[in-house]
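Colleague: Please take a close look at one part of this model, and then work outwards from there. Give the cut-offs as you go.

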Amino acid sequence: MALQKTVYMGPYIHCKNLNNLDICPNDTHIHASQYPNAGVFGKSTLLDWLNTYTFPLESSFKDLERAARIYNRVVARTLSHGTTTAAYYATVHVPATNLLADICKSRGQRAFVGRVCMDRLSPDYYQDESTESAVRDTQACIDHIKRIDSDFALISPIITPRFAPSCTDETLAALGKLHHDTNIPCQTHISENRKEIDLVKSLFPASDSYAQVYDTAGLLTPKTILAHAVHLTPAERHLIKTRDAKISHCPASNTAITSGRAKVRTMLDEGLTVGLGTDVSGGYTSSMLTETREAIFVSRHVAMDEGDEAKLSVEEALYLATRGGAKVVGLEERIGGFEVGMDWDAQMVRLGAVGGAEEGLDERAGLVEVFGEETWEEKVAKWVYTGDDRNTIAVWVKGRLVHSREGFEG
């Protein structure tokens, strides 16, 4: 029997008046250390992009002064876009990873901070020395976050094997054991690029699929975030659903480095949990609003081949950016909506109202223009398609005001 189209709705927007709304986006996949390269990818695809742009940049984070400059900017910038929660990849460096955790806590952003593990297929100057050192250094970052936020109320560690090709079988298994022993969440990549999938087949000949590689290592669990998932087979989707692992859909990145078009409608119809990730710097922007519209556009490209059922609506894309993302990071009881008892994580959005014929443009108001005849749904759609950070006038995390623009009246 054919699966029915699944439409997701929910109270992810709270309206204070006709020109303001509150919404709480969560970025489920972002490489904080790659922020300076946002928009820089040339004509590359995944594997050559890593060697040309990514590894040289990430290796420079042994310089803590450089790390502080970049990490402070990416956290400030994501907050300015209204990102209340972010699942960050750092680098292999323990001091710099701990610094990112400190900066997130100081600035008030809810964050999952992961030290990247990789002990093969990367430059000699930038990789873990061994399985033992990968686990030891990951534990050091976990211990640091426990010291600064003992109950992980705002900052949580997250175990982060970069992706299967960059880790030996032994390292994946050791990280799987650490994941099991500590119950700390895990994040990694899966099925982003076809050449990457071929590489996984050659490196893990005993496994039937990319997903099974993680399952064998004990890394496919309800607390696992799998980024991209562009080319999953039906059997892999079934395995991921069975293990209740989560998917971070990264449409801007998948387009920018020509990885492919993830079939999100199929995932949703099959019951997988999906959120959105910017994947900076494979993705060109740290804006979750931009990612929301990219998700809609990618679904429409899928629909050109597979029919209108594949299209995501504005409401569904916003769901993925908010409640969907909250489920992906395992915090759906605390964030992603505005029910009584949930944490007040929100951004206030102001939509510009068009005045009389003689009124000039207000360059500070952004591109969203409300003429007065629009329905509420049309106003939200205008914001999704034409809005930017100029519309975000205030951001709160756990009730704390962490960002505001000129003109905000608290």
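Modeller: Helices (H or I, at least four residues) and strands (E, at least two) are DSSP runs, numbered from the N terminus. Residues are numbered from 1 along each chain as its sequence is written, and side-chain values use heavy atoms, with hydrogens and water left out. This is a predicted model, in which local features need pLDDT of at least 70 and side-chain atom pairs count only at pLDDT 80 or more, while totals for chains, interfaces and linings use all residues.

The part I take is helix H8, residues 234-243. Its buried residues (under 20% relative accessible area; exposed is over 50%, partly exposed in between; 1.4 Å probe, protein chains only) are Glu-236, Arg-237, Leu-239 and Ile-240. Seen down the axis of H8, these fall within an arc of 160°, so they line one face of the helix. The arc is taken over the directions from the helix axis to the C-beta atoms. Pro-234, Ala-235 and His-238, on the other side of H8, are exposed.

What do the buried residues of H8 pack against? Their partners are two helices, H7 (210-216) and H10 (264-269), and three strands, S9 (186-190), S10 (224-228) and S11 (246-249). Contact here means heavy atoms within 4.5 Å. Just after H8, Asp-244 takes a positive phi of about 60°.

Strand S9 spans 186-190, which brings in Cys-186. That cysteine is buried because its relative accessibility is 0%. Its sulfur is 9.2 Å from the closest cysteine sulfur, in Cys-117, too far for a bond. A disulfide is a pair of cysteine sulfur atoms within 2.5 Å, and by this rule the count is 0. Cys-167 is likewise in no disulfide, the nearest cysteine sulfur, that of Cys-117, being 6.4 Å away. Cys-167 also has 0% relative accessibility and counts as buried.

Cys-117 leads on to Asp-128, since the two are in contact. Asp-128 sits in the loop between strand S6 (116-117) and helix H4 (131-148). With a relative accessibility of 5%, Asp-128 counts as buried. Leaving aside residues up to four places away in sequence, Asp-128 also touches Arg-115, Val-116, Met-118, Asp-119, Ser-133 and Ala-134.

H4 in turn packs with helix H3 (residues 94-107) at an angle of about 25°, the axes being 10 Å apart. That makes H3 roughly parallel to H4. Angles under 35 degrees count as roughly parallel, over 145 as roughly antiparallel, 65 to 115 as roughly perpendicular and the rest as oblique. The axes are lines fitted to C-alpha atoms, for helices over the stretch in contact, and angles run from 0 to 180 degrees between N-to-C directions. H3 passes H4 in a right-handed crossing; the near helix is turned clockwise from the far one in a right-handed crossing, and anticlockwise in a left-handed one, by less than a right angle. Residues of H3 in this contact include Val-94, Ala-101 and Lys-105, and those of H4 include Ala-140, His-144 and Ile-148.

A second helix pair can be set beside it. Helix H12 (residues 314-328) and helix H13 (residues 376-386) pack at an angle of about 60°, with axes 10 Å apart. H12 and H13 are therefore oblique to each other. H12 passes H13 in a left-handed crossing. In H12, Val-314, Glu-315 and Leu-318 make the contact, and among their partners in H13 are Val-380, Trp-383 and Tyr-385.
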